[in-house]
Protein chains: 2
Amino acid sequence: MFKLIHQDKNSRARLGKLNTAHGEIDTPCFMPVGTQGAVKTLSPAELEEAHTQVMLCNAYHLFLRPGIEVIRRSGGLHKFISWDKPILTDSGGYQIFSLALLRKVSDKGVEFQSHIDGMRHLLSPEDIIDMQSGLGSDIMMPLDECVHYPCSKDHARQAMERTVDWARRSKQSAEKKQLLFGIVQGSSYQDLRKECVEKITGIGFAGYAIGGVSVGEPKNLGNDIVSFTVGFLPHDKPRYVMGVGLPEDIVEAVDSGIDMFDCVVPTRYGRNGTAFTSEGKVVVRNSPYIQDSGPLDKHCQCYACKNFSRAYLRHLFNAEEMLGLRLVSLHNINFYLHLMHQIREAVKKDEFVSFKRDFLSSYLKN
Amino acid sequence: MFKLIHQDKNSRARLGKLNTAHGEIDTPCFMPVGTQGAVKTLSPAELEEAHTQVMLCNAYHLFLRPGIEVIRRSGGLHKFISWDKPILTDSGGYQIFSLALLRKVSDKGVEFQSHIDGMRHLLSPEDIIDMQSGLGSDIMMPLDECVHYPCSKDHARQAMERTVDWARRSKQSAEKKQLLFGIVQGSSYQDLRKECVEKITGIGFAGYAIGGVSVGEPKNLGNDIVSFTVGFLPHDKPRYVMGVGLPEDIVEAVDSGIDMFDCVVPTRYGRNGTAFTSEGKVVVRNSPYIQDSGPLDKHCQCYACKNFSRAYLRHLFNAEEMLGLRLVSLHNINFYLHLMHQIREAVKKDEFVSFKRDFLSSYLKN
């Protein structure tokens with residue numbers, strides 16, 4: 001399923017290929033987030049033009065709305081959202097722990113009230129697998145217990161052990177045609193992370209995710225957790241750090257040996273009018289751009305950069321025109337995917353270290 | 001500039017071609033409305049794919065934000081918004097009368113406070129022409145005084161006479177490279193409309209618009225005003241009815257001999273989740289569509305109809321995903337432009353009367 005194509009000679013960065021039911025994914029890769037079955041403001045055609053290889057959707061959100069059965073009877077998630085490339089579905093464990101009301105966790109699963117209509121639900125790890133099986137995603141994530149930072153060691157251990165137990169039950173109930181990843185928890189405790197990796201790899205999954213990062217910890221600590229946890233993971237399986245991150249975090253994590261990323265940042269920042277460019281972030285509303293006839297990023301080939309000036313984009317945001325949100329989101333997704341392309345090219349040539357240095361020196365210069 | 005290509009044998013419907021600095025426009029035509037320099041939620045590329053021939057922008061809105069000077073120094077409106085086909089700019093007279101605060105009309109022009117920031121402005125007919133000259137639109141509209149319905153005959157006469165005076169001054173101050181249309185006012189009074197036509201055609205313009213329709217009058221009266229006013233207009237110039245309308249109103253007005261239309265309805269309804277289809281309006285949020293795997297309109301070839309089901313669009317609206325607003329707006333613009341194409345084809349073959357009957361019987365059947 002996963003082939004390690006090349007290991008960079010001067011870092012832990014690596015090049016791989018992950019095979020799924022809807023095609024191959026070149027890694028390191030970034031997965032645009034379409035929580036509710038749509039990457040916010042963008043069409044599938046635009047994602048494809050941006051060379052998106054795999055999209056992330058959220059099983060918890062789709063379970064609440066429109067309901068798994070609606071999607072299953074529509075011919076599955078790919079058909080429903082009109083996306084015929086790979087889809088990874090997150091279980092929504094993180095969302096249940098952060099959005100849902102009155103949640104109660106037990107070994108059985110998690111009981112909560114919907115953040116939309118207050119309806120009570122009890123979902124077991126098996127239910128979460130059933131849901132993703134109904135959706136027909138290519139890569140499934142098991143239910144895990146994600147803790148916030150800071151977290152006592154006792155609580156972190158308990159959540160880690162429950163995550164392992166749920167992972168075992170998830171694997172038992174999953175069918176073979178969809179890939180299932182295991183998730184490593186353990187908060188910021190190195191020994192818990194190590195123990196979790198041993199237990200999760202002992203069960204055996206198609207890939208391994210590092211969860212519980214970007215949950216409120218200081219940035220350096222997040223990078224450290226990723227770095228030391230990767231050290232425990234097997235080489236022959238894809239490694240996915242969930243919910244990361246900013247461009248600088250992605251470059252750092254690739255350096256540590258991570259293969260897969262997802263984050264809402266490119267579209268969320270896009271809707272707020274903040275563009276990622278090779279020379280750092282551009283806040284298009286800012287007054288220096290009022291008469292700026294240049295594109296968001298002169299090195300970018302996306303539709304927004306080839307057709308519109310910063311002055312026009314600034315006007316669209318000031319005039320509250322939705323087209324502005326679209327165009328900056330589109331640019332940001334293109335920027336992220338182009339960054340991943342550049343990373344893969346650099347790793348291929350054993351030039352990741354110099355690429356990282358050059359990229360960061362331009363990106364962080366302002 | 002305008003060539004009357006064909007006159008339908010069984011109605012007043014006609015086929016024409018209007019030449020502008022940015023290309024030809026086949027009439028009857030519909031102009032998508034990009035008030036602030038963007039057709040709400042849609043990109044210029046999408047408008048072009050929908051075969052949009054000419055876009056409408058609003059000089060008053062662009063004057064307030066981002067300012068005419070910003071656009072002029074960006075190389076003009078076409079370049080600023082990335083649209084190289086014809087643009088008609090409305091003066092914004094109607095918007096000043098409906099949106100602006102504390103307005104005071106005199107023969108000099110109109111004094112008002114911006115609806116955005118409360119700034120005081122005095123704009124003369126000459127200023128309005130200057131603005132459109134700075135924008136570089138292909139077709140300009142002069143400042144007119146638009147009255148609401150109902151309106152006393154004295155007030156209607158006064159506004160009509162001021163409109164004529166302003167039209168004369170507008171023509172004097174306009175340069176030749178942009179087309180300037182005249183606007184016919186006169187409320188619902190047939191004799192005032194007739195007198196206005198005589199005076200306005202006496203001045204002489206590249207085309208004639210019927211203003212003061214869709215201002216609160218009953219639907220039938222609006223159609224009647226259009227119908228009797230067209231009777232007074234010359235045959236060899238394009239006729240434009242401003243702000244009209246629903247598909248059935250457009251078909252009716254073409255039957256009366258109207259060549260050009262603009263209306264916010266396709267995008268405004270699109271953002272509310274109401275789609276225009278060959279079988280009538282579809283409100284995508286409605287529960288019958290929860291599991292409907294069919295497209296919005298099975299006869300439509302637009303991106304939304306070729307890729308997405310009513311069930312998915314319903315989900316997008318329920319989940320407040322902006323992509324839903326985009327897709328239904330896109331479909332509606334395609335529906336309107338396809339309707340105009342069908343109208344032109346029917347007129348060409350002297351079949352407009354049967355086309356109108358068939359279209360309305362399908363469109364209004366539910």
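The following exchange concerns a predicted model with chains A and B.

Biologist: What relation superposes chain B on chain A?

Modeller: Two copies of a chain are related by a rotation about an axis and a shift along it. Here a rotation of 180° with 0.0 Å of shift along its axis brings chain B onto chain A, with an RMSD of 0.0 Å. That is therefore the relation of a two-fold axis.

Biologist: Which residue of chain B comes closest to the rotation axis?

Modeller: The surface used in the contact is the same for both copies, as 100% of the contact residues of chain B recur in chain A. Judged by C-alpha position, the closest residue of chain B lies at 4.2 Å from the rotation axis, and this residue is Met322(B).

Biologist: Which strands form the edges of the open sheet of 8 strands in chain A?

Modeller: The pairing in this sheet is parallel, and the order is S4-S14-S13-S12-S11-S10-S6-S5 (chain A). An edge strand here pairs on one side only. The edges are accordingly strand S4 (29-32) and strand S5 (55-58) of chain A.

Biologist: Which helix packs on that sheet and touches S4 and S14 of chain A?

Modeller: The direction of this helix makes about 165° with that of S4(A). The helix spans residues 322-348 of chain A and is H14.

Biologist: Which residue stands opposite Val241(A) in S14(A)?

Modeller: Strand S13 (residues 239-241) and strand S14 (residues 260-263) of chain A pair in the parallel sense over 2 bridges. Opposite Val241(A), the residue in S14(A) is Phe261(A).

Biologist: Are H13(A) and H14(A) parallel, antiparallel, perpendicular or oblique to each other?

Modeller: Helix H13 (residues 310-318) of chain A packs against H14(A) at an angle of about 130°, with their axes 7 Å apart. The crossing of the two helices is left-handed. Angles over 145 degrees count as roughly antiparallel and those from 65 to 115 as roughly perpendicular, so the value falls among the rest. H13(A) and H14(A) are therefore oblique.

Biologist: How many residues of the contact of H13(A) with H14(A) are nonpolar?

Modeller: H13(A) contributes Tyr312(A), Leu313(A), Leu316(A) and Phe317(A), while H14(A) contributes Leu323(A), Gly324(A), Leu325(A), Leu327(A) and Val328(A). Among the contact residues, 1 is polar and none is charged. The nonpolar residues number 8.

Biologist: Are H14(B) and H15(B) roughly parallel or roughly antiparallel?

Modeller: Helix H14 (residues 322-348) and helix H15 (residues 352-363) of chain B pack with their axes 8 Å apart, at an angle of about 150°. Angles over 145 degrees count as roughly antiparallel. H14(B) is therefore, with respect to H15(B), roughly antiparallel.

Biologist: How many residues of the contact of H14(B) with H15(B) are nonpolar?

Modeller: On H14(B) the contact involves Phe335(B), Leu339(B), Gln342(B), Ile343(B), Ala346(B) and Val347(B). On H15(B) it involves Phe352(B), Phe355(B), Phe359(B) and Tyr363(B). With 1 polar and no charged residue in this contact, the nonpolar residues number 9.

Biologist: What is the order of the open sheet of 3 strands in chain B?

Modeller: The pairing is antiparallel, and the twist averages 10° from one strand to the next. Strand S7 (101-106) and strand S9 (120-123) of chain B are the edge strands. S7(B) and S8(B) form a hairpin with 2 residues between them. The order is S7-S8-S9.

Biologist: Which residue of S9(B) is the bridge partner of Gln113(B)?

Modeller: Strand S8 (residues 109-113) of chain B pairs with S9(B) in the antiparallel sense over 4 bridges. Gln113(B) in S8(B) also stands opposite Leu101(B). In S9(B), the bridge partner of Gln113(B) is Arg120(B).

Biologist: Through how many residues does a hairpin join S1(B) to S2(B)?

Modeller: Strand S1 (residues 2-7) and strand S2 (residues 14-20) of chain B pair in the antiparallel sense over 5 bridges. His6(B) has Leu15(B) as its bridge partner in S2(B). The number of residues through which the hairpin joins these strands is 6.

Biologist: What is omega for the cis peptide bond that joins Tyr149(B) and Pro150(B)?

Modeller: Most peptide bonds are trans. Pro150(B) is located in the loop between strand S10 (139-140) and helix H7 (153-173) of chain B. For the cis bond from Tyr149(B) to Pro150(B), omega is about -5°.

Conventions
Residues numbered from 1 in each chain as written. Chains lettered and ligands numbered in written order. Predicted model: local features only at pLDDT ≥ 70, side-chain atom pairs only at ≥ 80, totals over all residues. Heavy atoms only, no water. Pairing = 2+ DSSP bridges. Contact = heavy atoms within 4.5 Å. Axes fitted to C-alpha atoms, helices over the stretch in contact; angles between N-to-C directions. Least-squares fit on C-alpha atoms with pLDDT ≥ 70 in both. Parallel < 35°, antiparallel > 145°, perpendicular 65-115°, else oblique. Left-handed = near helix turned anticlockwise from the far one by under 90°. Nonpolar A, V, L, I, M, F, W, Y, C, P; charged D, E, K, R; others polar.
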